[in-house]
Amino acid sequence: MTSPILSITNAVKRYGAVNALDDVSLDVAEGEFLTLLGPSGSGKTTLLSAIAGFIQLDNGQLRLRDEDITSEPPERRGFGMVFQGYALFPTMTVRENVAFPLKVRKRPAAEIAERVQDALDLVQMGAFADRLPTQLSGGQQQRIALARAMSFQPQVLLLDEPLSALDKKLRADLQWELKALHDQLGVTFIYVTHDQDEALSMSDRIVILKDGAIQQQGAPDTLYNRPHNSFVADFLGKSNFIEAQIEARDGQVLRCSAAGAGFEVETDTDHAKGAAVRIALRPERLRLAAPGEEILPATVKQVSYLGERCQVIVTHPGLGELLVSRPTWKTDITPAPGLAVSIGWDRDAGVVLAPDAT
Ligand code: ADP
Ligand code: MG
């Protein structure tokens, strides 16, 4: 990363016995769409609030470019903010709401008028300037909250689950709009969500949090295809887990065995022969074939049709249940409960996981 716009170093925040932030270090690149993703209670809002300056860290440091802002109050940090439930001022019109951050900064009236118009045009709400928030739909209110956060042209925008109150269709529309806006403005976005699909579809980089600690960070496809541990594999999509033993190693290829079956996986980390490892396999990487054709014998237990894909649960005597996801256009086999099949996968489909942090 060329020199980061924002650096968080060893951030710690405790609430009684809870480590809301447990030694978090993170660099944010200029212009990046960075997403903090994790389940409820993982520390996402705490981290964003600490960046914003709404809470003070117990330990650690924040740097904005080359300036230490750890002890600066929120208004000196200059971030744009859209927080969950961070409502519009109800008695102010849309125009007054969007003008507010500029008025606080004592900008001249002509500049305020121009920037308010620009910000409203950006979110396609130019025609709504004289309405009150109560005269707008939820999606429109959220657009105005965004316009308000951007009106003073901050370099970094902090967004805490801004779309979570909206219904699914509207949320999907606004995801596209937000992403387009980000790409158009070149502003750095730090975006919080607990929604995996939202994170995967919008982000340049995702940081996965659990119990106040970073589990893994990387581009969406890296996290999805090369999860570091079971938590990431399970949280970001669906995964099968196989407990296996390493029989041999040949360069990047490990020869493994599990419940009497032998198979290979690729890895770039070191593993000793004889070691027990946990391997993740995405359901869509598993093949379903006639008995004897693939690695594992199995029996179909349940089939569910999902339109473009079909999910099949199969059972293996030693490994238990495995989930297979296959396109519905595949008609080589018609899976039905009780059918004997076999399951296979390519050796680059299996991911050797690190033990979960406790
Ligand atoms: P997230 O946004 O990922 O859902 P939070 O950052 O809100 O998680 O919370 C992280 C942890 O810190 C949770 O266990 C939460 O209960 C706790 N926590 C957050 N804020 C406070 C507070 N003001 N007082 C006590 N505990 C808090
Ligand atoms: Mg939160």
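Which residue in E4 stands opposite Leu6? Select Leu6 together with Leu64, since Leu64 in E4 is the residue that stands opposite Leu6.

Before going on, note that this is a predicted model, in which local features need pLDDT of at least 70 and side-chain atom pairs count only at pLDDT 80 or more, while totals for chains, interfaces and linings use all residues. Residues are numbered from 1 along each chain as its sequence is written, and chains are lettered from A and ligands numbered from 1 in the order in which they are written.

Next, select strands E1 (residues 6-15) and E4 (residues 59-64), which run antiparallel and are joined by five bridges; strands here are DSSP runs of E with at least two residues, and helices are runs of H or I with at least four, numbered from the N terminus. Add E2, which runs antiparallel to E1 and is joined to E1 by eight bridges, with Leu26 in E2 as the bridge partner of Ile8. In the hairpin of E1 and E2, two residues lie between the strands, and Gly16 takes a positive phi near 60°.

Now show the whole open sheet, whose four strands follow the order E2-E1-E4-E5 with antiparallel pairing (two strands pair if DSSP finds at least two bridges between them). E2 and E5 (67-68) stand at the edges with a single partner strand each, so one side of each lacks a neighbour in the sheet.

Finally, select ligand 1 and the residues that surround it, among them Tyr15, Gly43, Lys44 and Thr45 (near means a C-beta atom, placed from the backbone, within 6 Å). Strand E2 (18-28) and helix H1 (44-52) each give two or more residues to this shell, and H1 provides the largest share, three residues.
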